[in-house]
Amino acid sequence: MAGIVPPTAAVQRAYRLSTYHAHGLPVIRIGQPPRWRGRGPEGDIVLLGACNPGGRRYMDGWNRRMMRALARHLHGVPHVLGEGRLGQWAEPLYAVQVPLARGLRLARLFRQNAVVVLHGRRPARLVYLA
């Protein structure tokens, strides 16, 4: 199984150029503050997924099973389904209202390279795990 690997320059660029969408959230872009309607939520919102661990492409069925497993870990935690998108590419994710430390633990459990973090009106930031 693949571990977490430092992202290449191309992967870092893809993260920065992607848009992130989830029900009830504005469109999110790395380095830009979210345009909340109204006040916006308190605390952290962590965007994380369970697909393609270690930055390596896995089969769609495997990715669906991992997203279901992540959903089970989120039982009782406020979260909504969303996606990261760049051109024709899209990958599912969850927007999860948890402290960043817990979001990072979940991302490590599912061997993800990075998460997107929202905190109030601050610019969205990318946090790498490697």
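# Briefing: a six-stranded sheet with helices across it

Glu-83 is partly exposed in this model, with a relative accessible area of 25%. (Here buried means under 20% relative accessible area, exposed means over 50%, and partly exposed is anything in between, with a 1.4 Å probe and protein chains only.) What you're looking at is a predicted model, where local features need pLDDT of at least 70 and side-chain atom pairs count only at pLDDT 80 or more, while totals for chains, interfaces and linings use all residues. Residues are numbered from 1 along each chain as its sequence is written, and side-chain values use heavy atoms, with hydrogens and water left out.

**The sheet**

- Six strands make up an open sheet in the order S1-S3-S4-S2-S5-S6, and the pairing is antiparallel. Strands and helices here are DSSP runs numbered from the N terminus (strands: E, at least two residues; helices: H or I, at least four), and two strands pair if DSSP finds at least two bridges between them.
- Strand S1 (19-22) and strand S6 (125-128) sit at the edges with a single partner strand each, so each has one side without a neighbour in the sheet.
- On average, neighbouring strands of this sheet are turned by 30° against each other, ignoring direction. Axes are lines fitted to C-alpha atoms (for helices, over the stretch in contact), and angles run from 0 to 180 degrees between N-to-C directions.
- In a regular strand, side chains alternate between the two faces of the sheet.

**S3, S4 and their turn**

- S3 and S4 pair antiparallel over eight bridges, and one of the pairs matches Arg-85 with Ala-90 in S4.
- The two strands form a hairpin with two residues between them, and Gly-87 in that turn has a positive phi of about 60°.
- S4 (residues 89-96) is also joined to S2 (residues 44-48) by three bridges, again antiparallel; Leu-48 has Tyr-94 as its bridge partner in S4.
- Gly-84 belongs to strand S3 and counts as buried because its relative accessibility is 2%.
- Setting aside neighbours within four places in sequence, Gly-84 is in contact with Thr-19, Tyr-20, Trp-89, Ala-90, Glu-91 and Leu-93. Contact means heavy atoms within 4.5 Å.
- Gly-84 and His-21 are 63 residues apart in sequence, yet their C-alpha atoms are 6.4 Å apart in space.

**S5 and its partners**

- S5 is largely enclosed by the rest of the structure, because five of its six residues are buried.
- Four bridges link S2 to S5 in antiparallel fashion, with Val-46 opposite Val-117 in S5.
- S5 also pairs with S6, antiparallel and over four bridges; here Val-117 has Arg-125 as its bridge partner in S6.
- S5 and S6 make a hairpin with five residues between them, and Gly-120 in the turn has a positive phi of about 60°.

**Helices across the sheet**

- H1 (residues 9-17) lies across S1, S3, S5 (114-119) and S6, running at about 145° to S6.
- H3 (residues 100-109) lies across S2, S5 and S6, running at about 10° to S2.
- In H2 (residues 60-73) you'll find Asn-63, which counts as buried because its relative accessibility is 5%.
- Beyond its neighbours within four places in sequence, Asn-63 touches Cys-51, Asn-52, Arg-57 and Tyr-58.

**Charges and the surface**

- Side chains of opposite charge can pair when their charged atoms come close.
- The structure has two salt bridges, each defined as a side-chain nitrogen of Lys or Arg within 4 Å of a carboxyl oxygen of Asp or Glu.
- Glu-83 and Arg-85 form one of them, at 2.9 Å from N to O. Arg-85 is partly exposed, with a relative accessible area of 31%.
- Asp-60 and Arg-57 make a salt bridge at 3.0 Å, N to O. Asp-60 is partly exposed at 44% relative accessibility, whereas Arg-57 counts as exposed at 62%.
- Leu-17, Leu-86 and Trp-89 make a nonpolar surface patch of about 270 Å². Patches are made of residues with over 30% relative accessible area and no salt bridge, with nonpolar side chains (Val, Leu, Ile, Met, Phe, Trp, Tyr) joined within 5 Å and like charges within 9 Å. Accessible areas come from the Shrake-Rupley method with a 1.4 Å probe, and for residues, only the protein chains shown count as cover.
- Within that patch, Leu-86 comes from strand S3 (residues 79-86) and counts as partly exposed at 32% relative accessibility.
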